[in-house]
Amino acid sequence: MVAAPPSPHTGEVRAPRTADGHGGRTGEVRCKGSAITSRMRFLEERGGDAARAAVLERLSPAFAERLEAGVLKNAWVPFDLFLALNEAIDAELGQGDLALCREMGRFGARLNLPTVYRLFYKVGS
């Protein structure tokens with residue numbers, strides 16, 4: 001466990017952060033559930049049920065249970081879950097060098113960027 005510093009805004013001492021992403025409150029790094037759901041869809045389209053089962057087996061029981069329960073696209077989830085999922089998918093479907101993460105990122109962007117935002121992204125690039 002890593003001790004979290006007091007909040008710079010309130011001085012409140014935060015709960016310690018743990019390796020599995022649970023325990024921190026205001027200081028916990030999170031990402032949107034859509035990042036998780038796009039990775040799971042990539043996994044299912046690329047590898048099917050067997051790959052999905054193998055990836056869940058590679059994750060900690062807490063993370064596997066969280067994914068089995070389902071993640072809403074608009075929910076906030078621990079960033080550690082996102083990292084572990086990327087590593088497990090890459091180990092299962094890729095070479096274990098995280099190179100597959102770029103492809104998963106492109107897949108997720110196409111899946112999650114609504115048309116209006118996609119237009120702004122293309123114009124701004």
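Here are some friendly notes on the predicted model shown above, to help you find your way around it.

1. **Overall layout.** A good place to begin is the order of the elements. The protein chain holds five helices and two strands, and along the sequence they run β-α-α-β-α-α-α. The strands are therefore easy to place in that pattern: β1 covers 30–32 and β2 covers 76–78.

2. **Burial and surface.** The protein chain has 125 residues, and 32% of them count as buried. About 8,000 Å² of the chain is exposed, with 57% of that area supplied by carbon and sulfur atoms.

3. **Contacts along the chain.** Take the contacts in the protein chain with a separation of 6 or more: 58% of them join residues 24 or more positions apart.

4. **The largest nonpolar core.** Which residues touch the most other members of this core? They are Ile36, Leu59, Leu67, Leu85 and Ile89, out of 24 residues in the core. Helices α1, α2 (61–69), α3 (79–93) and α4 (100–112) each contribute at least two residues, and the biggest share comes from α1, which gives eight. As background, nonpolar side chains tend to be buried together in soluble globular proteins.

5. **A closer look at Leu85.** Leu85 is one of the residues that touch the most other core members. Setting aside neighbours within four places in sequence, Leu85 makes contact with Ile36, Arg39, Met40, Val55, Leu59 and Leu67. Of interest here, Ile36, Leu59 and Leu67 are also named among the residues with the most core partners.

6. **Helix α3 and what covers it.** Leu85 is among the buried residues of α3, together with Leu81, Phe82, Ala84, Asn86, Ala88, Ile89 and Asp90. What lies over these buried residues? The cover includes both β1 and β2, along with the helices α1, α2 and α4. As for its length, α3 has 15 residues and spans 21 Å from its first C-alpha to its last, close to the 21 Å expected at 1.5 Å a residue.

7. **Ser38 in helix α1.** Is Ser38 buried or exposed? Ser38 belongs to α1, which covers residues 33–58, and it counts as buried because its relative accessibility is 1%, while the cut-off is under 20%. Its side chain reaches the backbone oxygen of Ala35 at 3.1 Å. Apart from residues up to four places away in sequence, Ser38 touches Phe107, Gly108, Leu111 and Asn112. These four partners lie within α4 (100–112).

Methods:
Residues numbered from 1 in each chain as written. Predicted model: local features only at pLDDT ≥ 70, side-chain atom pairs only at ≥ 80, totals over all residues. Heavy atoms only, no water. Buried < 20%, exposed > 50% of the residue type's maximum accessible area, 1.4 Å probe, protein only. Contact = heavy atoms within 4.5 Å. Areas by Shrake-Rupley, 256 points an atom, 1.4 Å probe, with all protein chains shown as cover. Polar contact = N/O pair within 3.5 Å; in protein donor to acceptor, adjacent residues only side chain to side chain. Core = buried A, V, L, I, M, F, W, Y, C linked by side-chain atoms within 4.5 Å. Expected span 1.5 Å × (residues − 1).
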